[in-house]
Amino acid sequence: MRSSIEPIEPIEPAGPVTVSPWTVKVAAGSLFFLGVTAVGGGAEMWLYPHGNDFVPGEWLHDLPLIDTWRLPGLVLGVGLGLGSLITAFGLLRRPRWRRLAPVERLTGRHWSWAATGLSGIALGGWILLEVVLLPQRSMIEVLYGALAAGLVGLCSTASLRRSLALPSDRDVVSDPPARGR
């Protein structure tokens, strides 16, 4: 007796399966950590504009151009926080966004490569401003300073650059033209 069930043929993947190198995973994890903590810190500054135990209001007296923590909280939460989370998403998922195409044309890499480097530079600038303007030092500044240097350093690694490189036009194989009748 024959069975009426036919064997199922395996489905071929649509394209080559690529595994991200460890540098992409470390950069994305670092950006996720930075994003979550910066959003939290920015929200705290926004909710307590005149200070609390972590950002004392007395420090505001010596800071130029600001009289509450709201503007620094906005920069920290939206700029470093959300910006880092979007960049981590870009590293892992590689979405192609039309508005960022000029960055990709300029660098020859996915926009998340440049955004990772810029996140590291922005974090380094934030920490430098803290060291210059705030009266108290903490180990958190050392941690985030190292994180900033790490993000910039990861951008210079060959594996991250190669992983985020865009294919050149000559490397792209197009589908064969459809046959007419």
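This briefing describes the fold, the core, the surface and a few single residues of one protein chain.

The structure is a predicted model, and its protein chain holds 6 helices and 0 strands. Read along the sequence, the elements follow the pattern α-α-α-α-α-α. Of the 181 residues in the protein chain, 33% are buried, and about 12,800 Å² of the chain is exposed, with carbon and sulfur atoms supplying 64% of that area. Among the contacts in the protein chain with a separation of 6 or more, 68% are between residues 24 or more positions apart.

**Helix α1**

- The helix α1 has 26 residues, which at 1.5 Å a residue should span 38 Å, and because its end C-alpha atoms are 37 Å apart, the model agrees with that expectation.
- The buried residues of α1 are Thr23, Val24, Ala27, Ala28, Ser30, Leu31, Leu34, Gly35, Ala38, Gly41, Gly42 and Met45.
- What covers these buried residues of α1 includes the helices α2, α4, α5 and α6, the last of which comprises residues 158-163.

**The nonpolar core**

- The largest nonpolar core has 30 residues, and those with the most contacts inside it are Leu34, Trp69, Leu91, Leu123 and Leu160.
- The elements that give two or more residues to this core are α1, α2, α4 and α5, where α5 covers residues 139-155, and the largest share, 7 residues, comes from α1.
- Leucine 91, one of the core residues with the most contacts, touches Val24, Ala27, Ala28, Leu31, Ser112, Thr116 and Leu164, when residues up to four places away in sequence are not counted.

**Two buried residues of helix α4**

- Serine 119 is found in helix α4, and this serine counts as buried because its relative accessibility is 9%, which is under the 20% cut-off.
- Leaving out residues up to four places away in sequence, serine 119 touches Leu31, Leu80, Ser84 and Thr87.
- Alanine 114 also lies in helix α4, which runs over residues 111-133, and at 18% relative accessibility alanine 114 counts as buried, because the cut-off is 20%.
- Alanine 114 and glutamate 104 are 10 residues apart in sequence, and their C-alpha atoms are 8.6 Å apart in space.

**A nonpolar patch on the surface**

- A nonpolar patch on the surface is formed by Val39, Trp46, Leu47, Tyr48, Leu71, Leu74, Val75, Val78, Leu82, Ile86, Phe89 and Trp97, which together have about 1,100 Å² of accessible area.
- The elements that give two or more residues to the nonpolar patch are α1, with residues 22-47, and α2, with residues 70-93, and α2 gives the most, with 7 residues.
- Tryptophan 46, one of the residues of this patch, has its place in helix α1, and it counts as partly exposed because its relative accessibility is 42%, a value between the 20% and 50% cut-offs.

**Salt bridges**

- The count of salt bridges in the model comes to 2.
- In one salt bridge, the side chains of glutamate 104 and arginine 96 meet at 3.0 Å, N to O; glutamate 104 is buried, with a relative accessible area of 4%, whereas arginine 96 counts as exposed at 55% relative accessibility.
- Glutamate 141 forms a salt bridge with arginine 137, and the closest N and O atoms are 3.0 Å apart; glutamate 141 counts as buried at 8% relative accessibility, whereas arginine 137 is partly exposed, with a relative accessible area of 42%.

**Residues with a positive phi**

- Most residues other than glycine have a negative phi.
- Leucine 65 is not a glycine, although it has a positive phi of about 70°; leucine 65 is found in the loop between α1 and α2, and this leucine counts as exposed because its relative accessibility is 89%, which is over the 50% cut-off.
- Arginine 94, which is likewise a residue other than glycine, has a positive phi near 55°; arginine 94 is found in the loop between α2 and α3, the latter covering residues 101-107, and at 27% relative accessibility arginine 94 counts as partly exposed.

Terms used
Residues are numbered from 1 along each chain as its sequence is written. This is a predicted model: local features need pLDDT of at least 70, side-chain atom pairs count only at pLDDT 80 or more; totals for chains, interfaces and linings use all residues. Side-chain values use heavy atoms; hydrogens and water are left out. Helices (H or I, at least four residues) and strands (E, at least two) are DSSP runs, numbered from the N terminus. Buried means under 20% relative accessible area, exposed over 50%, partly exposed in between (1.4 Å probe, protein chains only). Patches are made of residues with over 30% relative accessible area and no salt bridge: like charges are joined within 9 Å, nonpolar side chains (Val, Leu, Ile, Met, Phe, Trp, Tyr) within 5 Å. Accessible areas come from the Shrake-Rupley method with a 1.4 Å probe; for residues, only the protein chains shown count as cover. A salt bridge is a side-chain nitrogen of Lys or Arg within 4 Å of a carboxyl oxygen of Asp or Glu. Contact means heavy atoms within 4.5 Å. A nonpolar core is a set of buried Ala, Val, Leu, Ile, Met, Phe, Trp, Tyr and Cys residues joined through side-chain atoms within 4.5 Å. The expected span of a helix is 1.5 Å times one less than its number of residues.
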